[in-house]
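Reader: I am new to this structure and would like a close look at one part of it, taken slowly. Please begin with a pair of helices and then go on to the strands.

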Amino acid sequence: MAVLDVQNLTLSFGENTLFDGVSFDIKEKEKVGLIGVNGAGKTSLFKIIKGDYTPDSGACFIGKNATVGYMEQHTCSENRTIWNELVSVFDDLIQIETELAEVNYNLREGIGDQQKNIERQDYLNNIFTRDGGLTYKSMTRSALIGLGFDEGDFDMLTSKLSGGQRSKLILAKLLLSKADFLLLDEPTNHLDIKAVEWLEGFLKDFSGAALIISHDRYFLDKITTKTVEIENGKCRSYKGNYSEFLVKKAAEQKAIEEKYENDMKEIERIEGIIAQQRQWNREKNIKTAESKEKVIERIKAQLVIPDKMVEKIRFDFTPKAISGEDVLDVKDLAKSFGDKDIFKDINFNIRRGEKVFLLGDNGCGKTTMLKILMKDYSADCGSFKFGTNVFCGYFDQVQAKLDLTKTVLEEVWSNFPSMTETSVRSALAAFLFKGDEVYKNLSECSGGERARVALLKLMLGKFNFLLLDEPTNHLDAFSREELENTLLDYSGTMLIVSHDRYFINKLATRILELTPGGVKEYIGDYDTYIEKKDNQIPAENVVENAKTPRKNDYKLRKEAQAKARKARTRLKKCEEEIEVAETEISEIEEKLATSDYEELMKLTKLLEEKTNLRESLYEEWETLTEELTENEQ
């Protein structure tokens, strides 16, 4: 049974049609990801579902038994503690609990009609147990701890909360409400990795349905079983999570493009025949030409034009020089603010070509570490040294170094005065600033627009060592894909702070976990890091306060990493090719049932070729899987 049925929605603002003919449904307990580039209309679709917007046409039906929940329903009272604010979601249970205490007291003291007291006690107990009275306090505590509040924070007044903490508390109220259909718009914003993992666990166990807008692809992969994409004003629905969507969409678009090309070639061929027949101008030729024109009309009637490619940011971080082998050496670094120690005894080194991620809990000092390296902060003790010919570029997650009094064009041009206005505007166009948009004041720009300006400045600097603090913040999923693919081919070195686990998984060659008392080192990507943490691997594989490795060890490790990366890349490609082959085989098998003899022979031969291809891909997949398993043992 559907909790949501969206039928042919169209929404316009003035002459701009945001989307047209959007249709999909969500079943009970289904978790659906809603994706699309920034500005595609995802939040506007949410507003239609909530009743804030009225569509130009179409309709949106919510199941009669569904209770919709979304963030804007919930606010924070100013004079309550964090605990009292969240537990207020269970006011009905608290009232029952209060009445139960009174009834129990009356029974103990013999007050009133004892038979009626017993009946009332039984009735209240049943409702209290049925509606979660035995667990609501533990759920409240779990939500607060899971979303990053300490028990010492429970008595803090909500008036003292930061914007991020307030958002987390409102999210907790939504999650613990009685809604069984959740509309979640970027729910992982303001959450660190631990809090996101708690949210994932909550939503996996959630018995209701959810429609989720998110750029956190790892999160979508963990939670969703269906993906709805809005692109170029159209809507498509795919079974599966984000990664499965990418494979299926690529196969679908490839098939559409190939068919379109073949149909256009056929139209061109037939038009040539028509021109020839009309040139001869005999009665028979004219009839042939008219017959061929009808064939063209039939082809055009079923012609599906491929979607134009979504405009994406074009990155190019090619460095202007090659650094020495040793890029950064950090020794015994420590930092505190007032009486609070942030970290101490930090030791690590980074070699040329490494893609190192700095992870840790919120407040552990990751951003502080980068600011020390960029000399924005000074360390309390210890030292760090950059290697020969190292040129550092820094991306600040809050873009604090942008001059908000300048326009987009002025900000970039003032940092690269040797460039011509034409070349600066061309660079801005590659980052989706076109026409009069280049004259927009930075103070009026969104967080995403400022992030694009900061990334462009970083790119134009052609640095060979990138220090990146949450570079995927404010980027949509498709821009994140472009950034990842560019950084995968980047020949320089990187030290990155990020909560984007998909991004970490795709790029990381090494992970440094920052703790108050030092650094723990993990070789590999995010999944490997989690596996080793969960398995509590021996100390020889996790290096506390890692010192500079011996050169031979480093070379061996780099060779092993390169070999493993190639194997993982080919394994992923292999899985995508298997998916495509499976789809093509299914399509051929469907056609076999309705084909004539000549077509049957062609399809049978094609089916054999595709089946053989699939078998060889499976063999390659098994070999690669065994190879990776052996290397990781």
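Author: In this predicted model, helix α5 passes helix α6 in a right-handed crossing. Helix α5 covers residues 136-146 and helix α6 covers residues 163-176, and their axes, which come within 10 Å, cross at roughly 145 degrees. On the side of α5 the contact is made by M139, T140, A143 and L144, and these meet L169, A172 and L176 in α6. Sorted by character, the residues of this contact of α5 with α6 comprise six that are nonpolar and one that is polar, with no charged residue among them.

From these helices we can turn to strand β16, which spans residues 493-497. Five of its five residues are buried, and the strand is therefore largely enclosed by the rest of the structure. The covering applies to both faces of β16, since T493, L495 and V497 on one side are buried, as are M494 and I496 on the other.

Strand β16 also has strands paired with it. Strand β12, made of residues 355-359, runs parallel to β16 and is joined to it by four bridges, and in this pairing F357 stands opposite I496 of β16. I496 is also one of the buried residues named above. Strand β15, residues 465-469, likewise runs parallel to β16, here with five bridges between the two, and D469 has V497 in β16 as its bridge partner. The connection with β15 can be followed further, for β15, helix α15 (residues 477-488) and β16 together make a right-handed β-α-β unit.

Another sheet shows antiparallel pairing. Its three strands form an open sheet in the order β11-β10-β13, and the pairing is antiparallel. The edge strands are β11, residues 340-351, and β13, residues 381-386, each of which pairs on one side only. Direction ignored, neighbouring strands of this sheet are turned against each other by 15 degrees on average. Within the sheet, strand β10, which takes in residues 326-337, is joined to β13 by five bridges, the two strands running antiparallel, and L328 stands opposite F386 in β13. Finally, helix α11, formed by residues 366-373, lies across β10, β11 and β13, and runs at about 120 degrees to β10.

Notes: Residues numbered from 1 in each chain as written. Predicted model: local features only at pLDDT ≥ 70, side-chain atom pairs only at ≥ 80, totals over all residues. Heavy atoms only, no water. Buried < 20%, exposed > 50% of the residue type's maximum accessible area, 1.4 Å probe, protein only. Pairing = 2+ DSSP bridges. Right-handed = clockwise from strand over helix to strand, strands pointing away. Axes fitted to C-alpha atoms, helices over the stretch in contact; angles between N-to-C directions. Contact = heavy atoms within 4.5 Å. Left-handed = near helix turned anticlockwise from the far one by under 90°. Nonpolar A, V, L, I, M, F, W, Y, C, P; charged D, E, K, R; others polar.
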